[in-house]
Amino acid sequence: MTIFIEVLGWLGALLVLGAYVLVSTGRLLGNSAAFQWMNALGAALFVLNTWWHGAIPSMVLNIIWSCIGFAALWRIRRGKAARGR
């Protein structure tokens, strides 16, 4: 189980870092669904990893980070649905 949690943590790190690199290099927009998915999912994986290790401050930060990402995805989806009518 420990190795599985570590793999999830590293995957989360790669997603968040990758999102930052892609936005910083202009390959993704900060308001794109891809960017938000990478951040929200990466942060959610960090939550599991930091909970496992008992790193509560980091866990709380990543819960908030993930919620921000999922809220942005909700707004993106709502906007697309409104334009589709």
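**Exercise 1. Which are the buried residues of α2?**

Solution. The structure is a predicted model, in which local features need pLDDT of at least 70, side-chain atom pairs count only at pLDDT 80 or more, and totals for chains, interfaces and linings use all residues. Residues are numbered from 1 along each chain as its sequence is written, and side-chain values use heavy atoms, without hydrogens and water.

Step 1. Fix the terms. Helices (H or I, at least four residues) and strands (E, at least two) are DSSP runs, numbered from the N terminus. Buried means under 20% relative accessible area, exposed means over 50%, and partly exposed lies in between (1.4 Å probe, protein chains only).

Step 2. Read off the residues. The buried set of α2 consists of Phe35, Gln36, Met38, Asn39, Ala40, Gly42, Ala43, Leu45, Val47, Asn49 and Thr50.

Step 3. Find their partners. These buried residues pack against α1 (2–24) and α3 (56–83), where contact means heavy atoms within 4.5 Å.

**Exercise 2. Compare the expected span of helix α2 with the distance between its end C-alpha atoms.**

Solution. Step 1. The expected span of a helix is 1.5 Å times one less than its number of residues.

Step 2. Helix α2 (residues 33–53) has 21 residues and so should span 30 Å. Its end C-alpha atoms are 30 Å apart, which agrees.

Step 3. Look past the end of the helix: glycine 54, just after α2, has a positive phi of about 75°.

**Exercise 3. Describe the aromatic pair that tryptophan 37 forms with phenylalanine 70.**

Solution. Step 1. Rings of Phe, Tyr and Trp (its six-membered ring) pair if their centres lie within 6.5 Å; planes under 30 degrees apart count as stacked, over 60 as edge-to-face and the rest as tilted.

Step 2. The structure has 2 aromatic pairs. In one of them, tryptophan 37 and phenylalanine 70 lie 5.9 Å centre to centre with 85° between the planes, an edge-to-face arrangement.

Step 3. Tryptophan 37 belongs to helix α2 and phenylalanine 70 to helix α3, 33 residues apart, and the pair links distant parts of the chain.

Step 4. Tryptophan 37 is partly exposed, at a relative accessible area of 48%; phenylalanine 70 is also partly exposed, at 37%.

**Exercise 4. How many helices and strands are there in the protein chain?**

Solution. Step 1. The chain contains 3 helices and 0 strands, in the order α-α-α from the N terminus on.

Step 2. Of its 85 residues, 31% count as buried.

Step 3. Along its principal axes the C-alpha trace spans about 45 × 25 × 20 Å.
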